[in-house]
Amino acid sequence: MCLAVPMRLETRDELSGIAEIDGVRREVSLMLVPEAQAGDWVLVHAGYAIGTVDEAEAQETLALLRQAAELSELP
């Protein structure tokens with residue numbers, strides 16, 4: 001199973017950029033989404049931005065991931 005996490009693209013330089021979520025910043029490849037611009041939400045998997053989503057979808061996905069993390073902490 002693969003999981004892509006929505007992250008906000010902060011900066012870009014050619015085909016790489018810096019994406020951030022909850023204070024965590026990562027360098028990501030933009031080879032698969034060359035149209036992505038700073039401020040866009042990108043889906044990141046294994047260091048690659050593999051797609052873009054709008055902010056509402058990104059926030060909904062992040063909320064679901066947070067709920068799943070909380071449930072996994074239950075005894």
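# Exercises on a predicted chain

The secondary structure of this chain comprises 1 helix and 5 strands. The model is predicted, and the exercises below begin with its overall layout before turning to single residues.

## Exercise 1: Overall layout

Determine in which order the elements follow one another from the N terminus, and state how much of the chain is buried.

**Solution.**

Step 1. Reading from the N terminus, the elements run β-β-β-β-β-α.

Step 2. The extent of the chain is described by its C-alpha atoms, which fill a box of roughly 45 × 25 × 20 Å along the principal axes.

Step 3. The chain has 75 residues, and buried residues make up 27% of them. A residue counts as buried if its relative accessible area is under 20%.

## Exercise 2: Confidence

Find where in the chain the confidence is lowest and where it is highest.

**Solution.**

Step 1. Begin with the chain as a whole: the average pLDDT is 94, and 97% of the residues score at least 70.

Step 2. Then consider the elements. Helix 1 (residues 55-72) has the lowest confidence, with a mean of 91. Strand 4 (residues 41-45) has the highest, at 98.

Step 3. Such values guide the reading of a model, because coordinates should not be read in detail where pLDDT is low.

## Exercise 3: A hairpin

Describe how strand 2 and strand 3 pair, and identify the residue in the turn that has a positive phi.

**Solution.**

Step 1. Locate the two strands: strand 2 covers residues 16-21 and strand 3 covers residues 24-29. Their pairing is antiparallel and extends over 6 bridges.

Step 2. Examine the end of strand 2. Here Ile21 stands opposite Val24 of strand 3.

Step 3. Examine the connection. The two strands form a hairpin with 2 residues between them, and Asp22 in this turn has a positive phi of about 50°.

## Exercise 4: Positive phi outside glycine

Explain what is notable about the phi of Glu14, and state whether Glu14 is buried or exposed.

**Solution.**

Step 1. Recall the general rule: most residues other than glycine have a negative phi.

Step 2. Compare Glu14 with this rule. Glu14 is not a glycine, yet its phi is positive, at about 55°.

Step 3. Locate the residue. Glu14 belongs to the loop between strand 1 (5-13) and strand 2.

Step 4. Assess its accessibility. The relative accessible area of Glu14 is 67%, and a value over 50% means exposed; therefore Glu14 is exposed.

## Exercise 5: Salt bridges

State how many salt bridges the structure holds, and determine which parts of the chain each of them ties together.

**Solution.**

Step 1. Count: the structure holds 2 salt bridges. As background, side chains of opposite charge can pair when their charged atoms come close.

Step 2. Take the pair Arg25 and Glu10, whose side chains meet with an N to O distance of 2.6 Å. Arg25 lies in strand 3 and Glu10 in strand 1, so this salt bridge ties together parts that are 15 residues apart in sequence.

Step 3. Check the accessibility of this pair. Arg25 is partly exposed, at 48%, and Glu10 is also partly exposed, at 27%.

Step 4. Take the pair Asp22 and Arg66, in which the closest N and O atoms are 2.7 Å apart. Because Asp22 lies in the loop between strand 2 and strand 3 and Arg66 in helix 1, the pair ties together parts that are 44 residues apart in sequence.

Step 5. Check the accessibility here too. Asp22 is exposed, with a relative accessible area of 58%, whereas Arg66 is partly exposed, at 35%.

## Exercise 6: A surface patch and a polar contact

Identify the residues that form a nonpolar patch on the surface, and describe what the side chain of Ser29 reaches.

**Solution.**

Step 1. The patch consists of Leu15, Met31, Leu32, Tyr48 and Ile50, which together have about 510 Å² of accessible area.

Step 2. Consider one of these residues in detail. Tyr48 is found in strand 5 (residues 48-53) and is partly exposed, with a relative accessibility of 40%.

Step 3. Met31 also takes part in a contact: the side chain of Ser29 reaches the backbone nitrogen of Met31 at 3.3 Å.

Step 4. Ser29 itself lies in strand 3. Its relative accessibility is 13%, so Ser29 counts as buried.

How values were computed. Residues numbered from 1 in each chain as written. Predicted model: local features only at pLDDT ≥ 70, side-chain atom pairs only at ≥ 80, totals over all residues. Heavy atoms only, no water. Pairing = 2+ DSSP bridges. Helix = DSSP H or I, 4+ residues; strand = E, 2+ residues; numbered from the N terminus. Buried < 20%, exposed > 50% of the residue type's maximum accessible area, 1.4 Å probe, protein only. pLDDT = per-residue confidence, 0-100. Salt bridge = Lys/Arg side-chain N within 4 Å of Asp/Glu carboxyl O. Patch = residues over 30% accessible without salt bridge, like charges linked within 9 Å, V, L, I, M, F, W, Y side chains within 5 Å. Areas by Shrake-Rupley, 256 points an atom, 1.4 Å probe, with all protein chains shown as cover. Polar contact = N/O pair within 3.5 Å; in protein donor to acceptor, adjacent residues only side chain to side chain.
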